[in-house]
Amino acid sequence: MPVIIIRQRGNDLYCYIAKQDLEARVLHIEHDTTQRWGGVLSLEGGRRYYVNEQPGRPAFPISLRATRDARV
C-alpha cells in the first residue's frame with residue numbers, strides 16, 4: 001500500500017507516489033464535498049487509486065495510504 005502525497009497548485013491537485021517517483025494531476029475525485037472527500041482518484045495518464053474517505057476536504061498537502069483501484 002503506497003503512501004501518496006496530495007498537493008494543491010492553484011486550482012489543481014497533484015498526486016505524488018514516492019515508490020514510483022511519479023507525480024500526476026488529479027483529474028477526478030469520487031467524493032469531493034465539504035461533508036466527505038476521497039474514494040477513487042483518477043490521475044492523468046489513466047492511473048486510478050483508492051484512498052479512504054475523509055470527513056470533509058482536508059488541508060493540503062496531505063499524506064495518505066492508497067491502493068490501486070481494482071475497478072480500472
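Leu-13 makes a good entry point: apart from neighbours within four places in sequence, it is in contact (heavy atoms within 4.5 Å) with Ile-6, Arg-7, Gln-8, Ala-24, Arg-25, Val-26, Ile-29, Trp-37, Arg-57 and Phe-60. The model is a predicted one, in which local features need pLDDT of at least 70 and side-chain atom pairs count only at pLDDT 80 or more, while totals for chains, interfaces and linings use all residues. Residues are numbered from 1 along each chain as its sequence is written, and side-chain values use heavy atoms, with hydrogens and water left out.

Leu-13 also turns up in the largest nonpolar core (buried Ala, Val, Leu, Ile, Met, Phe, Trp, Tyr and Cys residues joined through side-chain atoms within 4.5 Å). This core has 17 residues, and those touching the most other members are Ile-4, Ile-6, Leu-13, Cys-15, Trp-37, Leu-43 and Val-51. Two or more residues each come from strands S1 (3-9), S2 (12-17), S3 (22-32), S4 (37-43), S5 (48-54) and S6 (62-68).

As for the fold, the protein has 0 helices and 6 strands, counted as DSSP runs numbered from the N terminus (helices H or I, at least four residues; strands E, at least two). Of the 72 residues, 38% are buried, meaning under 20% relative accessible area with a 1.4 Å probe, protein chains only. Among contacts with a separation of 6 or more, 29% link residues 24 or more positions apart.

The C-alpha atoms fill a box of roughly 30 × 25 × 20 Å along the principal axes.

Methods. Buried means under 20% relative accessible area, exposed over 50%, partly exposed in between (1.4 Å probe, protein chains only).
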